[in-house]
Amino acid sequence: QVQLVESGGGLVQAGGSLTLSCAAKGTVFIINAMGWYRQAPGKQRELVAGITNDGKTNYADSVKGRFTISRDSAKNTVDLQMNSLKPEDTAVYYCNAQHFNEYGDGMVYWGKGTLVTVSS
């Protein structure tokens with residue numbers, strides 16, 4: 001079993017910065033892609049940023065140029081540096097990881113989420 005533990009959410013003023021961190025704990029074998037999603041009240045969960053195990057990244061258009069995703073594959077962690085935050089970035093942010101066990105069985109894991117609130 002793999003658990004994703006997120007940290008770093010909180011309240012910040014518009015224009016400010018926050019860094020979210022996520023660590024994969026438990027029986028970790030191979031993690032392929034990792035990413036961050038978010039869900040605002042009344043909206044569907046959406047991809048914010050993703051990163052593969054060879055470092056390729058992709059971002060939602062709404063965060064390009066403001067957010068940066070990075071990972072430490074040796075430590076099984078992924079961070080999301082968020083700059084120039086806007087009120088519309090307010091959401092619960094979820095960490096996501098694609099994991100393969102020793103048998104090659106794949107499963108997607110989710111963290112419990114961390115709340116980011118951006119005040120205007």
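Two strands count as paired if DSSP finds at least two bridges between them. In this predicted model, an open sheet of 4 strands follows the order β1-β3-β8-β7, and its pairing is antiparallel. A search of the whole structure also finds 4 salt bridges and 1 aromatic pair. The points below take these features in turn, together with one buried valine and two residues in loops.

**The open sheet**

- The strands of the open sheet run in the order β1-β3-β8-β7. β1 (2–7) and β7 (67–72) are the edge strands, and each has a single partner, so one side of each has no neighbour in the sheet.
- From one strand to the next, the twist averages 15 degrees.
- Strands of a sheet pair through backbone hydrogen bonds, in either a parallel or an antiparallel sense.
- The pairing of β1 with β3 (residues 18–26) is antiparallel and covers 6 bridges. Within β3, G26 is the bridge partner of V2.

**Salt bridges**

- R38, E46, R66 and D89 are joined in a network of salt bridges.
- Within the network, R38 and D89 form a salt bridge whose closest N and O atoms are 3.0 Å apart. This pair links distant parts of the chain, with R38 in strand β4 and D89 in the loop between β8 and β9, 51 residues apart. Both R38 and D89 are buried.
- D89 also forms a salt bridge with R66, with 2.8 Å between the closest N and O atoms. Here the loop between β8 and β9, which holds D89, is linked to the loop between β6 (57–59) and β7, which holds R66; the two residues are 23 apart in sequence. R66 is buried, as is D89.
- K64 and D61 form another salt bridge, with closest N and O atoms 3.1 Å apart. Both K64 and D61 are exposed.

**Aromatic rings and a charge**

- The 1 aromatic pair found in the structure consists of Y37 and W110, with ring centres 4.9 Å apart and planes at 65 degrees. Planes over 60 degrees apart count as edge-to-face, so the pair falls in that class.
- Y37 lies in strand β4 (residues 30–39) and W110 in strand β10 (residues 106–110), so the pair ties together parts that are 73 residues apart in sequence.
- Y37 is partly exposed, at 23% relative accessible area, and W110 is partly exposed at 37%.
- R45 lies over the face of W110, 4.7 Å from the ring centre. The charged end of R45 also sits over the ring of Y94, at 3.7 Å from its centre.

**V48 and its surroundings**

- V48 belongs to strand β5 (residues 46–51). Its relative accessibility is 1%, so V48 counts as buried.
- Beyond its neighbours within four places in sequence, V48 is in contact with W36, Y37, R38, N58, Y59, A60, V63, F67, L80 and Y93.
- V48 and L80 are 32 residues apart in sequence, and their C-alpha atoms are 9.4 Å apart.

**Positive phi in loops**

- Most residues other than glycine have a negative phi.
- N76, which is not a glycine, has a positive phi of about 55 degrees. N76 is placed in the loop between β7 and β8 (77–82).
- S84, another residue other than glycine, has a positive phi near 50 degrees. S84 is in the loop between β8 and β9 (91–100), and is partly exposed, with a relative accessible area of 40%.

Conventions:
Residues numbered from 1 in each chain as written. Predicted model: local features only at pLDDT ≥ 70, side-chain atom pairs only at ≥ 80, totals over all residues. Heavy atoms only, no water. Axes fitted to C-alpha atoms, helices over the stretch in contact; angles between N-to-C directions. Phe/Tyr/Trp six-rings, centres within 6.5 Å; stacked < 30°, edge-to-face > 60°. Buried < 20%, exposed > 50% of the residue type's maximum accessible area, 1.4 Å probe, protein only. Lys NZ or Arg CZ within 6 Å of the ring centre and 35° of its normal. Contact = heavy atoms within 4.5 Å. Salt bridge = Lys/Arg side-chain N within 4 Å of Asp/Glu carboxyl O.
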